Amino acid sequence: MTLASICERLNAGVPLSFEDGVALFREPDLLKLGELANQARERRHGDRTTFNRNLHVNPTNLCIAGCKLCSFSRRSPEQPGAYTLSLAQVWDKLKSRLQAGRLTEVHLVGGLSESLPFDYYLELVAGCRQLQPTLHIKAFSAVEIFHFHRVFQLEVREVLQRLRAAGLGSLPGGGAEIFAPRVRQRICPNKCNAEEWLDVHRTAHQMGLRSNCTMLYGTIETIEERVEHLLRLRALQDETGGFQAFVPLAFHPENNSLAHIPAPSAVEDLRVCAAARLLLHNIPHIKAYWVSLGLKTAQTALWFGADDLDGTVQEEKIYHLAGSDAPQALTPAEIVRLIRAAGRTPVERDTLYHVVAQGEALLADAHEMPVGGLR
Ligand code: V47
């Protein structure tokens, strides 16, 4: 399989095959691969690069899953660093962020708790919504939704319906890791399996909720397992059309049980981004999550298929505990500057990718500083 023949199929609008995908990941010429991905990106989005004003909150790090890849979770409340935020603490964080400037999204994800009742999650969402009714609440990965289904003995649909009634707007894409059972067994044996993860998203999409999807790369997976993972996401998207963005997540090895595995190189990061753009022709957005990639690689990824940088973030824990040296937060002005410095056109979006501000309007209030500031 050569890049030239892949290019012919791309131009003819033919979805790439499993073999094409493997060839993309094995392609030594990163720049040629990047050029193809960039063409696909520009055909869809031109120069536009989106971001949003969001706040990440992780209500608890107590987690019964014990994933080997994770540096964030704690098994018991007695372990150093274990925490669970009260509802009032979450709302206070949100309140102080809202006082510091405009916000359109709160991103809530946490560990799989043994003790928190379903009402905690319902009130969490409802309380955030009440603080600012226009705020979009993107919350709970499919792994958490599946956990709620198991521990609260409710159908997945019922879990989603109740959360939606409380104010849930969409689902983030975390917890997919790598779908292959061989890999899951070794890096996250207690998480829901691939079918269960996909089924939560299928159900959400059938209910009209949008979601994102991810792939954690750089642990022990093979190239074939990456391609299979991406093609399973693509197949679900063919069925439902509910994924908005794919987020490639680079493994960070500090403070977890896979610390002997080196982090992926920037070359690998860009290759995954480009291959995903080309294989996932039916998923509109590829997000270069700057917390995972670092600012410089995230900027470069905007020429390797990515058209989105996520948002202002703030208070990120999962990657910083695993060794990310990206800042804790970016101001809108800093994101705009990063995008412009990469030679792209910044556009502020909301969670569902509607345009919020562009051009002159973009900078009108972009100089605010999120609470906590930059590191
Ligand atoms: O589910 C955990 C991953 C995810 C590590 O949907 C790790 O818009 C690398 O899903 N090294 C959480 N990755 C982050 C996530 C996300 C982030 C930004 C935007 C969106 C979105 C989703 O991070 C986890 C897991 O897959 N993760 N530990 C680690 N050591």
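This is a short tour of a predicted model, from its ligand out to a salt bridge. Numbering starts at 1 along each chain as its sequence is written, side-chain values use heavy atoms with hydrogens and water left out, and local features need pLDDT of at least 70, side-chain atom pairs 80 or more, while totals for chains, interfaces and linings use all residues.

**Stop 1: the ligand.** Select the ligand and show everything with a heavy atom within 4 Å of it. You should get 22 residues, with Gly173, Gly175, Glu177, Lys287 and Tyr319 coming nearest. By class, that shell holds 11 nonpolar, 7 polar (Gly counts here) and 4 charged (Asp, Glu, Lys, Arg) residues.

**Stop 2: polar contacts.** Now look for N or O pairs within 3.5 Å. Ligand oxygen atoms lie 2.8 Å from a polar backbone atom of Gly173 and 2.8 Å from a backbone N or O of Gly175. Click Asn212 too: an N or O atom of its side chain is 2.9 Å from a ligand oxygen. Taken alone, the ligand exposes 610 Å², and the protein buries 94% of that (Shrake-Rupley method, 1.4 Å probe).

**Stop 3: two strands.** Colour E6 (210-217) and E7 (243-250), DSSP runs of at least two residues. Each gives at least two residues to the shell, and E7 has the largest share, 3 residues.

**Stop 4: a salt bridge.** Side chains of opposite charge can pair when their charged atoms come close. Select Lys95 and Asp92, whose closest N and O atoms are 3.7 Å apart (the cut-off is 4 Å, from a Lys or Arg side-chain nitrogen to an Asp or Glu carboxyl oxygen). Both sit in helix H4 (87-100; a DSSP run of at least four residues), 3 residues apart, about one turn. The whole structure has 23 salt bridges.

Definitions and conventions: Polar contact = N/O pair within 3.5 Å; in protein donor to acceptor, adjacent residues only side chain to side chain.
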